[in-house]
Amino acid sequence: MEVTEILRTVEVEDRHWWYRERRAILARELRGLGPPGRALDVGAAGGGNTRVLVGHGWDALVADFSETAVELARERGLRAIHADARDLPLPDADFDLVTAFDVLEHIEEDGRAAGELVRVLRPGGTALITVPCDMALWSAHDVASGHVRRYTREGLNALLTGAGLVVDRLWSWNVLLRPVVALRRRKISGSDVTQTPRLVNAALTAVVVAERYLPVGSLPGVSLVVRAHRP
């Protein structure tokens, strides 16, 4: 991710509907994992999700390829190291939880990165992963964000199982707003990560929060979420 995108993310993520609900997804998954342990947040882009891990009692470490992201995470009081997701400078089986939220789509060698997530995860440990889905939604936003691809369910499942994970659940997220996102991204010429007017932000929040209570996870969305484990 480019420095400008990292800075933009850090600027908007505390209030922006998309980032807030993604943190809520992480928090819900953490509550189902049992006692906290050691966690690695790969590609943390300043540590917004890492703060959720810490808030739930996890001993969390940020690993990011961007020196800017590492500096921002440290400024937020988080432990952080500079690292390439394809070659993490960390011991085997050292973490109980690995998170990679919107990371793999930035990496040409995503299989190698997925393999590293598995390597540093202890047997029985959990991986939580999100990626953008469906190349039909490819737009200038993806280019500006430094994406290499968007994933299909089948492609993501094959990638993760091929790396050695057992996929426990794979579901779509941001389903209800997919038509709105598709329309907007056909019209913009750059990143879709921007400050959102308060009333618009509140309305979009209400829609995406509704997905928590609706059986829409099997329908096409904007993102895919995976919970998996290392056997």
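Me: A polar contact is a pair of N or O atoms within 3.5 Å; within protein, one must be able to donate a hydrogen and the other to accept it, and residues adjacent in sequence count only if both atoms are side-chain atoms. So much for the term: which side chain makes a polar contact with the side chain of Asp-41?

Reply: This is a predicted model, where local features need pLDDT of at least 70 and side-chain atom pairs count only at pLDDT 80 or more, while totals for chains, interfaces and linings use all residues. Residues are numbered from 1 along each chain as its sequence is written, and side-chain values use heavy atoms, with hydrogens and water left out. Asp-41 sits in strand S1, residues 38-42 (strands are DSSP runs of E with at least two residues, helices are runs of H or I with at least four, and both are numbered from the N terminus). At 2.6 Å, the partner for the side chain of Asp-41 is Thr-50.

Me: Which side chain of opposite charge is nearest to Asp-41?

Reply: Lys and Arg count as positive, Asp and Glu as negative, and His and the chain ends are not counted. A salt bridge needs a side-chain nitrogen of Lys or Arg within 4 Å of a carboxyl oxygen of Asp or Glu. Asp-41 has none although it is buried (under 20% relative accessible area; exposed is over 50%, partly exposed in between, with a 1.4 Å probe and protein chains only). At 7.9 Å away, the nearest candidate is Arg-22.

Me: In the largest nonpolar core, which residues touch the most other members?

Reply: A nonpolar core is a set of buried Ala, Val, Leu, Ile, Met, Phe, Trp, Tyr and Cys residues joined through side-chain atoms within 4.5 Å. Elements giving two or more residues to this one include S1, strand S2 (59-64) and helix H7 (153-163). Of its 34 residues, the ones touching the most other members are Leu-40, Ile-129 and Leu-156.

Me: Which backbone nitrogen lies 2.7 Å from a polar atom of the side chain of Glu-116?

Reply: Glu-116 belongs to helix H5 and counts as buried because its relative accessibility is 9%. Leaving out residues up to four places away in sequence, Glu-116 is in contact (heavy atoms within 4.5 Å) with Ala-85, Arg-86, Asp-87 and Leu-88. The backbone nitrogen in question is that of Leu-88.

Me: Which elements do the buried residues of H5 pack against?

Reply: Glu-116 has company on the buried list for H5, including Asp-110, Ala-113 and Leu-117. The buried residues of H5 pack against S1, S4, S5 and H7.

Me: Is Thr-196 buried, partly exposed or exposed?

Reply: Thr-196 lies in the loop between helix H8 (178-187) and helix H9 (198-210). Its contacts beyond four places in sequence are His-16, Trp-17, Asn-201 and Leu-204. Since its relative accessibility is 21%, Thr-196 is partly exposed.

Me: Which residues form one aromatic cluster?

Reply: Rings of Phe, Tyr and Trp (its six-membered ring) pair if their centres lie within 6.5 Å; planes under 30 degrees apart are stacked, over 60 edge-to-face, and the rest tilted. Trp-18 and Tyr-19 have ring centres 4.9 Å apart and planes at 85 degrees, so they are edge-to-face. Trp-18 and Trp-173 make a tilted pair, 5.3 Å centre to centre with 45 degrees between the planes. The cluster is therefore Trp-18, Tyr-19 and Trp-173.

Me: How many residues apart in sequence are the parts tied together by Trp-18 and Trp-173?

Reply: Both Trp-18 and Trp-173 are buried. Trp-18 is in helix H2 (residues 17-31) and Trp-173 in strand S6 (residues 166-173), so the sequence separation of the parts they tie together is 155 residues.
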